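Reader: Hello! I have a structure open on my screen and would enjoy walking through it with you. Could we take it one question at a time?

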Amino acid sequence: MIVETIFSTIDEGGKPNFAPMGVLWADDIVTVRPFRNTDTCRNLLSTGYGVANIADDVLAYARCALNGDILPNFPARKIPGIVFEGTCAWRELEVIFSEGSEARAEVKCRVVHTEERKDFPGFCRAAGAVIEAIILATRLAFYDRKIVDEKIFGFAEIVEKTGGATEKQALQVVRDYIRKAGKE
Ligand SMILES: Cc1cc2nc3c(=O)[nH]c(=O)nc-3n(C[C@H](O)[C@H](O)[C@H](O)COP(=O)(O)O)c2cc1C
């Protein structure tokens with residue numbers, strides 16, 4: 001099963017980084033598949049540590065994926081790393097080994113520590129639509145403008161009908177990003 005997370009790492013100088021990552025979830029092992037050109041990949045491989053945050057805040061997903069925001073955070077308990085302040089739960093990870101292709105790493109990690117802060121209420125349809133919209137925004141190079149417009153129109157309908165303020169704000173972050181990239 002692939003679980004969507006906000007993945008946090010630090011670089012060798014201690015600078016925090018957050019990015020959404022879908023990770024393969026098992027009891028004691030988490031496999032992360034970051035593209036090699038991401039900071040997440042560089043940090044995970046150079047330090048050997050990362051944190052998988054299970055979060056319900058789709059605005060945080062949008063802000064770290066598209067604006068490069070450093071989210072509020074606190075030190076991880078058992079590894080050199082950071083935890084997203086708004087997370088519901090998290091897993092602290094230590095890299096066991098990495099393989100993969102030239103473009104994308106496949107990094108197997110051991111779960112060193114797990115902790116919960118609050119219930120994860122589950123994603124509403126609007127949150128799911130926002131997650132899909134963010135993924136679309138991170139892959140604009142693969143779609144022409146008409147397809148992007150159509151998809152965003154569909155996501156916006158769902159967010160309008162079923163979303164709250166957080167989902168609406170998050171979709172706005174996505175739309176601003178796409179507009180700046182010249183695709184909406
Ligand atoms: C829900 C979701 C899942 C994602 N999963 C991955 C993934 O598994 N691997 C990856 O390289 N990028 C993934 N991305 C895209 C990255 O989050 C995006 O490229 C980000 O800008 C990388 O940031 P970084 O350079 O700070 O690591 C995902 C995005 C979203 C919204």
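**Strands, helices and a ligand**

Author: Happy to, and let us begin at a strand pair: in this predicted model, F7 stands opposite A52 in β4.

Reader: How many bridges join β1 to strand β4, and in which direction do they run?

Author: The facing residues F7 and A52 are a good place to enter this pair. Strand β4 covers residues 49-54. β1 and β4 run antiparallel, and the number of bridges joining them is 3.

Reader: And how many bridges join β1 to β2?

Author: Strand β1 takes in residues 2-10 and runs antiparallel to β2. In this pairing E4 stands opposite G22 in β2. The two strands form a hairpin with 5 residues between them, and G14 in the turn has a positive phi of about 95°. The bridges between β1 and β2 number 9.

Reader: Which pattern does the protein follow along the sequence?

Author: The secondary structure comes to 5 helices and 8 strands. Read from start to end, these elements give β-β-β-α-β-α-β-β-β-β-α-α-α.

Reader: Why can the protein be called as compact as a globular protein of its length?

Author: The C-alpha trace spans about 45 × 40 × 30 Å along its principal axes, and buried residues make up 38% of the 184 residues. Among contacts with a separation of 6 or more, 66% are between residues 24 or more positions apart. The globule rule gives 16 Å for 184 residues, and the protein is as compact as a globular protein of that length because its radius of gyration is close to that value, at 16 Å.

Reader: Let us turn to the first helix. Which residues of α1 are buried?

Author: The cover over the buried residues of α1 includes β1, β2, β3 (29-32), β4, β7 (89-100) and β8 (105-116). After the helix comes G48, whose phi is positive, near 85°. The buried residues in α1 are T40, C41, N43 and L44.

Reader: Now to the part I dock into. Which residues come nearest to the ligand?

Author: There are 18 residues around the ligand. By class, this shell divides into 10 nonpolar, 5 polar and 3 charged residues. The residues that come nearest are A19, P20, F35, T38 and T40.

Reader: Which element gives the largest share of the shell around the ligand?

Author: The shell draws at least three residues from each of domain 1 (2-116) and domain 2 (125-180). One of the nearest residues, T40, is also buried in α1. The largest share of the shell is 5 residues, and the element that gives it is β2.

Reader: Since both domains contribute, how far apart are the centres of domain 1 and domain 2?

Author: The protein is divided into domain 1, residues 2-116, and domain 2, residues 125-180. Taken over C-alpha atoms, their centres are separated by 23 Å.

Reader: Which element gives the most to the side of domain 1 that touches domain 2?

Author: The contact takes 11 residues from domain 1 and 13 residues from domain 2. The side of domain 1 that touches domain 2 has 7 nonpolar, 1 polar and 3 charged residues. With 7 residues, the element that gives the most to that side is α2.

Key: Residues numbered from 1 in each chain as written. Predicted model: local features only at pLDDT ≥ 70, side-chain atom pairs only at ≥ 80, totals over all residues. Near = placed C-beta within 6 Å. Helix = DSSP H or I, 4+ residues; strand = E, 2+ residues; numbered from the N terminus. Nonpolar A, V, L, I, M, F, W, Y, C, P; charged D, E, K, R; others polar. Domains from an automatic or database assignment. Pairing = 2+ DSSP bridges. Rg over C-alpha atoms; globule rule 2.2 N^0.38 Å. Buried ≥ 20, exposed ≤ 12 C-beta atoms within 10 Å, placed from the backbone. Contact = placed C-beta atoms within 7 Å.
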